[in-house]
Amino acid sequence: MKPTTLAVALALCCGASTAAMADEAKGPYMGVLGSYMFPDSSRNDDDGLGARLLFGFPMNNYLSSEISLFANRAEHNYDNNDDRLLGAGFDLNMKLAKTRLAPFLLIGGGYQHDDIPNNGQDSGYANAGGGLLWNVGGNRDTSIRLEGRRLAIFNDELNPGRDHIYDTQVNLGVQVALSTTQPAPPPPPPPPVVIDSDGDGVTDKQDASPGTLPRTAVDSRGCPLPPPDSDGDGVPDDRDACPNTTRGLKVDARGCAIKAQVLVLRDVNFEFDSAALTADARNILDGVAAGLKGQPSMEVHIEGHTDSKGADAYNLRLSKARAESVRNHLIQNGVSANRLKAQGYGESKPVADNKTDDGRAMNRRVEFKVIKE
């Protein structure tokens, strides 16, 4: 095999293998092999023995590059001397299957020194061959390797009249990975089986109220949530005939405010010495207006009260003006005027002792009296 022929063969082998195989490469490996050599007949040698040390570098799961060092010894059959062969080479190893017993092909070349008595020779060579790789496992990915190689040795001085001779080698030994193979991680445990018999989103194991009806809103324990009651009057929205009832008013079973009750609005405050409502007071009265609109038949008597500081007549006028201010704000928010009456009582109806600050604060108030349901 000429050197140019060897180069073409190597290029074709490498290109075809790379295009056809895209598996990930494994780690490098080493091989230690015993060798049995069948010399070319022109050497006049008996069969020889030797050894080969190789290092492989996978490119993918099928194709590897290998560097070899080898030595062989063959006894002359015409005297007591030996031929000693030392060489180094580069090969491409193409595995033909990803099985435990995998065949492979070899092609490559290198350099060889023939230590012939009184006539040492240096030669280039090309070789081709094949073999079997039997993977016996282990954390070092160990394999038994058997191969045969046919070497074309290019040197016209080894046999006058020919520019090359042929040797054959059969090698048997062990190939091991240089890195340990990590065992595959165990598969993850299967996800737990989640059972939710009533379909409320809470598993049976945590459901304190199994058998909930479909589409029922539940809490984290699977128990039905109470129906919404937006105005907090104790009557669920789906049964409330009078929505947005002002908080603090007593209601009947329909959610409507009942007659003959008084609601004290202590947080409805005014500017100092004035009937002008504060911003907080206006916000509170907006909610009262929504409740009155939710019960259109209800009529209310608005009463203004003061503490005992100041003249009686002045307090009476101020309380009436403040009651009227509340009434006007409710009318501006859509409550019919004929449903609202306003009256000021000054300091005449205290509910606490006017001698203390706390008592006087309790006496400064606005009261709503329900006079019609």
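This briefing covers the two largest pockets of the structure and the residues that line them. The model is predicted: local features need pLDDT of at least 70, side-chain atom pairs count only at pLDDT 80 or more, and totals for chains, interfaces and linings use all residues. Residues are numbered from 1 along each chain as its sequence is written, and side-chain values use heavy atoms, with hydrogens and water left out.

**Largest pocket**

- The largest pocket (an open set of points on a 1 Å grid over the protein atoms alone, where a 1.4 Å probe fits, with protein on both sides within 12 Å along at least five of seven lines) has a volume of about 520 Å³, taken as the space filled by probe spheres set on the points, which are joined across faces, edges and corners.
- Its lining (residues with an atom within 4 Å of a point) numbers 30 residues, and K26, K95, L133, D141 and Q175 lie nearest the centre.
- Two or more lining residues come from each of strand 3 (63-75), strand 4 (82-95), strand 5 (101-115), strand 6 (121-137), strand 7 (142-154) and strand 8 (164-177).
- Strands (E, at least two residues) and helices (H or I, at least four) are DSSP runs numbered from the N terminus.
- Strand 8 gives the most to this lining, with three residues.
- The lining has eleven nonpolar (Ala, Val, Leu, Ile, Met, Phe, Trp, Tyr, Cys, Pro), seven charged (Asp, Glu, Lys, Arg) and twelve polar residues (the others, Gly among them).

**Second largest pocket**

- The second largest pocket has a volume of about 440 Å³.
- It is lined by 21 residues, with D273, D307, L318, R322 and R364 closest to its centre.
- At least two lining residues each come from strand 10 (299-305), helix 3 (312-332) and strand 12 (365-372).
- Helix 3 gives the most, with five residues.
- By class, this lining holds eight charged, seven nonpolar and six polar residues.
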